[in-house]
Amino acid sequence: MSVLLFTFIVLAGAFLAGLVGSLTGLGGGVIIIPLLTLALGVDIHYAIGASIVSVIATSSGSAAAYVKEGITNIRIGMFLEVATTVSAVIGAVITVYLNPGFIAVVFGLILLFSAAMMVIKKVDRSDNDTSGKLAVFLKLNGTYPTENGAKNYAVHRVAGGFVMMFFAGIISGLLGIGSGALKVIAMDNIMRIPFKVSTTTSNFMMGVTAAASAIVYLHRGQIDPGIAMPVTIGVLTGATIGSKILVRTKTDKLKVVFAVVVTFLALQMIYNGLSGKL
Amino acid sequence: MSSIRKNFFADRDIQLILGTLLRVGVIASMSVVLVGGFLYLLSDHAMQIDYRVFNPNKSGLSSIPAIFIGLRELDPKAIIQFGTLLLIFTPVARVVFSIFSFLIERDYLYVLIGSFVLLVILYSLSDKLVG
């Protein structure tokens with residue numbers, strides 16, 4: 001395949017990945033990696049390197065838009081980044097020693113989990129019970145604005161959330177994705193942070209975490225300009241347009257359709273991983 | 001109540017500045033990538049791609065000095081890689097900015113936590129990790 005053809009195919013695919021990824025909240029990386037590996041035969045290590053760059057672009061690019069909707073708790077973000085940056089670097093260092101087939105299987109499993117998380121209805125469990133000692137010590141409890149004035153919220157089970165974030169960081173570094181689904185578990189379910197705060201804080205963390213592992217990938221030659229260029233431009237353009245459409249569209253049906261597609265991709269990744277085709 | 005509101009608005013100002021900073025970073029780096037990408041397609045469009053097997057030494061642009069040397073020769077691939085580098089450093093700038101805002105608030109615990117995060121990222125910059 002010629003460079004020109006490859007660039008245009010990847011550009012179009014990455015655009016779609018970014019668009020659908022932002023409409024469904026799944027992110028672009030989880031779709032671009034199967035596209036590159038399954039459809040175009042690109043080695044998974046290159047696909048991971050290109051994907052992580054697109055994660056940084058979408059995370060940083062949407063930060064400005066997020067400021068209008070919610071409010072980032074910089075302390076929660078910074079504290080949890082201790083876990084995610086260390087583990088992302090560990091993940092990025094070990095990924096090259098792993099068999100591509102094994103990475104594909106792990107990727108498929110995370111993809112299945114993300115698809116399920118996308119369809120399951122999320123429940124806001126936040127409250128204002130400030131009995132958590134660690135949360136008080138770390139000044140994690142905060143307020144966010146509502147129509148009826150500022151609302152207080154308390155953070156729970158800080159240690160549990162920290163451990164879950166460590167796991168999310170490993171997966172992020174290993175697979176070159178934002179691992180948003182795992183971060184939702186840590187912040188919404190374990191730490192019980194309100195959506196308004198967790199979405200923006202998770203986005204804040206994603207860029208920093210991805211930067212830590214991206215540097216390791218760059219040093220190892222996993223970020224190839226010929227792949228990273230169309231992937232980053234495509235995903236970022238798609239995600240930007242997607243976030244504009246998102247404001248005036250209901251995405252419930254799209255999520256179900258997309259969950260089916262993602263499940264299919266996941267099984268394909270697992271099958272190819274197990275049979276040694278990747 | 002009024003002090004909470006005041007803090008909230010001060011916080012919001014910082015976040016708006018940060019948001020703008022990030023967007024400028026993304027736009028700048030993407031412009032560099034676009035220019036590099038255009039030149040790359042102009043010179044290499046007819047070449048055959050070969051990404052089937054991962055080869056760490058293929059691009060030859062896997063360190064910051066190598067990228068700068070390529071940049072001086074206006075190598076299209078080095079220009080793309082430089083744009084990527086700018087993009088990687090955009091969230092890192094955000095961490096540095098946060099550390100300063102904690103310093104202004106005299107919240108030394110978080111100055112420490114933020115510095116640790118920055119240190120981890122800077123440590124990954126040294127190529128000892130890749131071996």
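Visitor: How should I read the surroundings of V260(A): is this residue buried or exposed?

Guide: The general idea is to count neighbours: a residue is buried if 20 or more other C-beta atoms, placed from the backbone, lie within 10 Å of its own, exposed if 12 or fewer, and partly exposed in between. V260(A) is exposed, because 11 other C-beta atoms lie within 10 Å. The residue belongs to helix α11 of chain A, which runs over residues 252-274, and its C-alpha atom is separated by 30 Å from that of T84(A), a residue 176 positions away along the chain.

Visitor: Before we go on, what kind of model is this, and how are its parts labelled?

Guide: This is a predicted model, in which local features need a pLDDT of at least 70 and side-chain atom pairs count only at pLDDT 80 or more, while totals for chains, interfaces and linings use all residues. Residues are numbered from 1 along each chain as its sequence is written, and chains are lettered from A and ligands numbered from 1 in the order in which they are written.

Visitor: Which helices and strands make up chain A, and in what pattern do they follow each other?

Guide: Helices (H or I, at least four residues) and strands (E, at least two) are DSSP runs numbered from the N terminus. Chain A has 11 helices and 2 strands, and along the sequence they follow the pattern α-α-α-α-α-α-β-β-α-α-α-α-α. The radius of gyration of chain A, taken over C-alpha atoms, is 18 Å, close to the 19 Å that the globule rule gives for 278 residues, so chain A is as compact as a globular protein of that length; the rule is 2.2 Å times the number of residues to the power 0.38. The C-alpha trace spans about 60 × 40 × 30 Å along its principal axes, and buried residues make up 62% of chain A.

Visitor: Why is helix α2 of chain A described as largely enclosed?

Guide: Helix α2(A), at residues 29-39, is largely enclosed by the rest of the structure because 9 of its 11 residues are buried. Among them are I31(A), P34(A) and L36(A), and the helix is followed by G41(A), whose phi is positive, near 70°.

Visitor: What does helix α8 of chain A pack against?

Guide: Two residues are in contact if their C-beta atoms lie within 7 Å. The buried residues of α8(A) pack against α5 (100-119), α7 (158-175) and α9 (195-220) of chain A. Helix α8(A), at residues 180-190, is itself mostly covered, with 9 of its 11 residues buried, including L182(A), M187(A) and D188(A). Just after this helix, R192(A) takes a positive phi of about 55°.

Visitor: How does the span of α5(A) sit against the expected value?

Guide: The expected span of a helix is 1.5 Å times one less than its number of residues. With 20 residues, α5(A) reaches 29 Å from its first C-alpha to its last, close to the expected 28 Å; its buried residues include F107(A), I110(A) and M118(A).

Visitor: Where does UniProt place the feature "transmembrane region" in chain B?

Guide: The unreviewed UniProt entry places this feature at residues 21-42, 78-97 and 109-126 of chain B; such annotations may be inferred rather than shown by experiment, and their positions are given in the numbering used here, with feature names shortened. In the model, residues 21-42 of chain B are 100% helix and 0% strand, with end C-alpha atoms 32 Å apart, and residues 78-97 of chain B are likewise 100% helix and 0% strand, with ends 28 Å apart.

Visitor: How many residues does each chain bring to the contact between chains A and B?

Guide: The contact takes 59 residues from chain B and 54 residues from chain A. On the side of chain B, α1(B) gives the most, with 19 residues. The residues of that side divide into 33 nonpolar, 18 polar and 8 charged, where Ala, Val, Leu, Ile, Met, Phe, Trp, Tyr, Cys and Pro count as nonpolar, Asp, Glu, Lys and Arg as charged, and the others, Gly among them, as polar. The predictor gives the complex an ipTM of 0.89 and a pTM of 0.90.

Visitor: Where in chain B is confidence lowest, and where is it highest?

Guide: pLDDT is the predictor's confidence in each residue, from 0 to 100. Among the elements of chain B, confidence is lowest in α1(B), at a mean of 78, and highest in α4(B), at 94. Over residues 1-6 of chain B the pLDDT is below 50, and beyond near neighbours in sequence this stretch has 3 contacts in the model. Chain B as a whole averages a pLDDT of 85, and 86% of the residues score at least 70.
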